[in-house]
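Work through the exercises below with the sequence and the three-dimensional view side by side, and try each task before you read its solution.

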Amino acid sequence: MLKKYFLGMNEDYINAEFVETPIGESQENFLDFILTGVIGFSLLSGGMFSMINIFGRYRKLGTIKRLKASPMKPIELTLSASSTKLFLNLVSMFIIVFLGKIIFDSSLTFNWSLLVIVFFTSSIGMMGFGILLLLLFKEPSVTIEIASILYFAMTFFSGVYFPVEFLPSSVRWVGNILPVKYVVDLVRYTGNIKQISLNAFVIINLVLFVGGLSLLFVSSEVFLKEEK
């Protein structure tokens, strides 16, 4: 504005043109895009950090050593410890959807049966990822720091708040190796922002569920053996 005033110019230096680009099968507004990303990210944080906090606390208090004297199997301990967190994460997801509709007037229409399926498969997958991190880094405080760094990286590279296509092509591959990208894609599919096909939707759910359950089983077995 000062340049224009002192130079006596009547025209703008830059003319900005806004072009709307579809981000899915249906044309949704950017708020709906962000809301589905936040839901997917809450599934990540709720699953990953819940296992780190639970087993980190159990290890610190020596609870696991006492439980090993009981006939309880490792996978039973893992599933029972995570069941409460699963319920709380489910409530959290519904609260996010409710607030999005009430406060931000979101126009999203979810397929609730598919969304619940995505919730369980993604939560199991992220819980398996969380206990794997705890197994790798041993000390709970260190594991939380590592998980927080990963959390930050996933925020930027996984297309949570903006499409991955906005990133330079040289770093887009990072998002493809981060699990939260696929969780977010699943949530967006249930909200009719279909960036993936039905076959991809089924395959990703199966991989998250089977992979997460396997990680929970194997990691809990190894984790509990280390507490001898």
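**Exercise 1: two helices in contact**

In this predicted model, Leu114, Leu115, Val118, Ser122 and Met126 of H5 meet Pro179, Val183, Leu186, Val187, Tyr189 and Thr190 of H8. Task: find out how the axes of H5 and H8 lie to each other, roughly parallel or roughly antiparallel, and what kinds of residues make up their contact.

Solution. Begin with the geometry: the axes of H5 and helix H8, which covers residues 179-190, come within 9 Å and cross at roughly 170°. An angle over 145 degrees counts as roughly antiparallel, and H5 and H8 are therefore roughly antiparallel to each other. Then sort the residues of the contact of H5 with H8, which divide into nine nonpolar, two polar and no charged.

**Exercise 2: a second pair of helices**

Task: repeat the reasoning for helix H2 (residues 30-61) and helix H6 (residues 140-157), and state at what angle they pack.

Solution. The first step is again the geometry, since H2 and H6 pack at an angle of about 175° with their axes 10 Å apart. From this angle it follows that H2 and H6 are therefore roughly antiparallel to each other. The second step is to list the residues: on the side of H2 they are Phe41, Leu44, Ser45, Met48, Phe49, Ile52, Asn53 and Gly56, and on the side of H6 they are Pro140, Thr143, Ile144, Ala147, Ser148, Tyr151, Met154 and Thr155. Sorted by kind, the residues of the contact of H2 with H6 give 10 nonpolar, six polar and no charged.

**Exercise 3: aromatic pairs**

Task: say how many aromatic pairs the structure holds, and explain why the pair of phenylalanine 94 and tryptophan 112 is described by the word it receives.

Solution. Recall that a pair of aromatic rings is described by the distance of the centres and the angle of the planes. The structure holds four aromatic pairs. For phenylalanine 94 and tryptophan 112, the ring centres are 5.5 Å apart and the planes lie at 25°, so the pair is stacked. Next, place the two residues: phenylalanine 94 belongs to helix H4 and tryptophan 112 to helix H5 (residues 112-137), so the pair ties together parts that are 18 residues apart in sequence. Phenylalanine 94, with 34% relative accessibility, counts as partly exposed, and tryptophan 112, at 37%, is partly exposed as well.

Now turn to phenylalanine 119 and phenylalanine 120, which form an edge-to-face aromatic pair with 5.1 Å from centre to centre and 75° between the planes. Phenylalanine 119 counts as buried because its relative accessibility is 0%, whereas phenylalanine 120, with a relative accessible area of 39%, is partly exposed. As a last step, note that ring pairs link Phe94, Phe110 and Trp112 into a cluster.

**Exercise 4: two asparagines**

Task: decide whether asparagine 89 is buried or exposed, and then which residues asparagine 176 is in contact with, leaving aside its neighbours within four places in sequence.

Solution. Asparagine 89 is found in helix H4, residues 74-103, and because its relative accessibility is 14%, below the limit of 20%, it counts as buried. Not counting residues up to four places away in sequence, asparagine 89 touches Gly46, Gly47 and Phe119.

Asparagine 176 is found in helix H7, residues 172-176, and at 40% relative accessibility it counts as partly exposed. With its neighbours within four places left aside, asparagine 176 is in contact with Lys181 and Tyr182. Between these two partners there is a further arrangement to look for, as lysine 181 lies over the face of tyrosine 182, at 5.0 Å from the ring centre. Finally, the C-alpha atoms of asparagine 176 and serine 158 are separated by 7.7 Å, although their places lie 18 residues apart along the chain as a step in numbering.

**Exercise 5: the whole chain**

Task: state how many helices and strands the protein chain has, and what percentage of its residues count as buried.

Solution. Counting elements first, the protein chain has nine helices and zero strands. Of its 228 residues, 43% count as buried. Turning to contacts between residues at least 6 apart in sequence, 76% join residues at least 24 apart.

Key:
Residues are numbered from 1 along each chain as its sequence is written. This is a predicted model: local features need pLDDT of at least 70, side-chain atom pairs count only at pLDDT 80 or more; totals for chains, interfaces and linings use all residues. Side-chain values use heavy atoms; hydrogens and water are left out. Helices (H or I, at least four residues) and strands (E, at least two) are DSSP runs, numbered from the N terminus. Buried means under 20% relative accessible area, exposed over 50%, partly exposed in between (1.4 Å probe, protein chains only). Contact means heavy atoms within 4.5 Å. Rings of Phe, Tyr and Trp (its six-membered ring) pair if their centres lie within 6.5 Å; planes under 30 degrees apart count as stacked, over 60 as edge-to-face and the rest as tilted. A charge sits over a ring if NZ of Lys or CZ of Arg is within 6 Å of the ring centre and within 35 degrees of the ring normal. Axes are lines fitted to C-alpha atoms, for helices over the stretch in contact, and angles run from 0 to 180 degrees between N-to-C directions. Angles under 35 degrees count as roughly parallel, over 145 as roughly antiparallel, 65 to 115 as roughly perpendicular and the rest as oblique. Ala, Val, Leu, Ile, Met, Phe, Trp, Tyr, Cys and Pro count as nonpolar, Asp, Glu, Lys and Arg as charged, and the others, Gly among them, as polar.
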